[in-house]
Amino acid sequence: MSDANDHLYMAHALRLAARGLYSSDPNPRVGCVLVRGDQVVGEGWHQRAGGPHAEINALAQAGDAARGATAYVTLEPCCHHGRTPPCSDALIQAGVARVVAAMQDPNPRVAGNGLASLAQAGIEAQTGVMAAEAERLNCGFVKRMRTGLPWVRLKLAMSLDGRTALASGESRWITGESARADVQRLRARSSAILTGIGTVLADDPSLNVRLADRQGELRQPLRVVLDSRLRMPPSARLLGLPGFTWVLTAESDARRIDTLTSDTVSVGVLPMRLDKRLNLNAAMRFLGEQDCNEVHVEAGSTVCGALLQDGLVDELVIYLAPHLLGDTARGLFALPGLQRMEQRIGLTITDIRAVGDDWRITATVAG
């Protein structure tokens, strides 16, 4: 049974977990708080993949005070040997009396076994305190563990009349400086930043994170370009930047692939659909195999529309600017074939807030 303070301490553990938002990938963001009596004796979070887990950091801070304490953890403690030893063993050896996990770990290697090992050692173990909040913090990790696919987030910027660029293609800048800074934070939390070859050829984007590095926490996500016919120019800006790029194509020409391939660029050959489009489901499954939890999409209307129609989009973040671009300007999505109202794609708006002079609308795809 939960006691009156369980939500209080779990909320604190979730705030700690969020400190790993930009740095723990591909591992989940996890926080841990150790409480003895009414006193917090240790706390920690998972700061970087390969480093100590949240429980280990909290136990190190608590020392002998961990004996008899309650551990509040935002995700079930691991029970397997990876790059670090099992956290369940560390909690047992430290002599904690009770473990409260927000949610069960969806990783099949854990999936209830961590809590079971604690219970077998005589430690009271339970789950389900603020589970929804914990899952939301790790939406990509949870989805990848359950389905093999990453959480796909579309970032879009539009005028008040729903346009993304003038008919000429000019789009800089629809939104203001605050909104563009906010996008950098969305990029930074992602495992990969994805676009289509049309955007590369038209805009030559960087697709990198441009934020101040906080004590070595900044991580450049993978860059991913969907390029069915392998038109990627070797001189593209993003190919020369720090980090790694995947070009996903249906073209198997070995010479063209060799021209692009380097220590920081790889070409993945995926199936083509009957309608001559790259198989986007295969592309997302491939990214899941690369341990991508959250894929941040900044692409044109064709790619965004195709992802929506293929049922691969989980979330949209739309920045709405106080401008009008007119009816000849370009729209958000290419969605051919929608002829009846029942074919429309439903959204659930989860958040609306001002970001500078613009509005940010966050929505999930209904169903």
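**Notes on the predicted model**

1. Helix α11 is followed by G311, a residue whose phi is positive, near 70°. This is a predicted model, and the points below should be read with that in mind. Within α11 the buried residues are V303, C304, G305, A306, L307 and L308, and the elements that cover them include the strands β6, β8 (192-196), β9 (222-226), β12 (294-297) and β16, together with helix α10 (280-289).

2. A search of the whole structure for disulfides returns 0. C78 takes part in none, the nearest cysteine sulfur being that of C87, 3.7 Å away; because a disulfide is counted only when the two sulfur atoms lie within 2.5 Å, this pair does not qualify. C78 is itself buried, at a relative accessible area of 8%. C304, one of the buried residues of α11, is likewise in no disulfide, and the nearest cysteine sulfur, that of C292, is 17 Å from it. The relative accessible area of C304 is 0%.

3. The largest nonpolar core holds 46 residues, and those that touch the most other members are M10, L34, L59, Y72, L91, V96 and V99. The element that gives the most to this core is helix α1 (residues 6-17), with 7 residues. The surroundings of L34 can be listed in full once residues up to four places away in sequence are left out: L34 touches Q39, V40, V41, G42, A58, L59, A62, A66, T70, A71 and V96. Apart from this core lies another, of 35 residues, which has L226, V295, V303 and L320 among its members; of these, V303 is also among the buried residues of α11. In soluble globular proteins, nonpolar side chains tend to be buried together.

4. R223 deserves a separate look, since this arginine in strand β9 is buried, with a relative accessible area of 0%. Its C-alpha atom is separated by 4.5 Å from that of T245, although the two residues are 22 apart along the chain. When neighbours within four places in sequence are set aside, the residues in contact with R223 are I193, S206, L207, N208, L238, L241, P242, G243, F244, T245 and W246.

5. What lines the largest pocket, and which residues lie nearest its centre? The pocket has a volume of about 1500 Å³, and its lining consists of 47 residues, with T199, D203, E298, A299 and G300 nearest the centre. At least two lining residues come from each of β6 (151-159), β7 (163-165), α7 (177-189), α8 (197-203), α11 (301-309) and β14 (330-331). By class, the lining divides into 19 nonpolar, 14 polar and 14 charged residues.

6. The second largest pocket contains about 860 Å³ of space and is lined by 27 residues, of which R136, R153, R189, E315 and T362 lie nearest its centre. Each of α1, α5 (131-137), α6 (139-147), β6, α7, β13 (315-321), β15 (347-355) and β16 (358-365) supplies at least two residues of this lining. The class counts here are 10 nonpolar, 3 polar and 14 charged. Both β6 and α7 therefore appear in the lists for the two pockets, a point that can be checked directly on the model.

7. The count of cavities of 30 Å³ or more comes to 1, and the volume of the largest cavity is about 50 Å³. Its lining is made up of D25, N27, P28, R29, N138, G140, F141, N293 and E294, which by class are 2 nonpolar, 4 polar and 3 charged residues.

8. The backbone has some features worth inspecting. Most residues other than glycine have a negative phi, and most peptide bonds are trans. The peptide bond from D25 to P26 is cis, with omega near 10°; P26 is found in the loop between α1 and β1 (31-36), and D25 is also one of the residues lining the largest cavity. M130, in the loop between β5 (124-127) and α5, has a positive phi near 60° and counts as buried at 17% relative accessibility. D291 also has a positive phi, of about 65°, although it is not a glycine; D291 lies in the loop between α10 and β12 and is partly exposed, with a relative accessible area of 37%.

Notes:
Residues are numbered from 1 along each chain as its sequence is written. This is a predicted model: local features need pLDDT of at least 70, side-chain atom pairs count only at pLDDT 80 or more; totals for chains, interfaces and linings use all residues. Side-chain values use heavy atoms; hydrogens and water are left out. Buried means under 20% relative accessible area, exposed over 50%, partly exposed in between (1.4 Å probe, protein chains only). A nonpolar core is a set of buried Ala, Val, Leu, Ile, Met, Phe, Trp, Tyr and Cys residues joined through side-chain atoms within 4.5 Å. Helices (H or I, at least four residues) and strands (E, at least two) are DSSP runs, numbered from the N terminus. Contact means heavy atoms within 4.5 Å. On a 1 Å grid over the protein atoms alone, a cavity is a set of points where a 1.4 Å probe fits but cannot get out, and a pocket is an open set with protein on both sides within 12 Å along at least five of seven lines; lining residues have an atom within 4 Å of a point. Grid points are joined across faces, edges and corners, and a volume is the space filled by probe spheres set on the points. Ala, Val, Leu, Ile, Met, Phe, Trp, Tyr, Cys and Pro count as nonpolar, Asp, Glu, Lys and Arg as charged, and the others, Gly among them, as polar.
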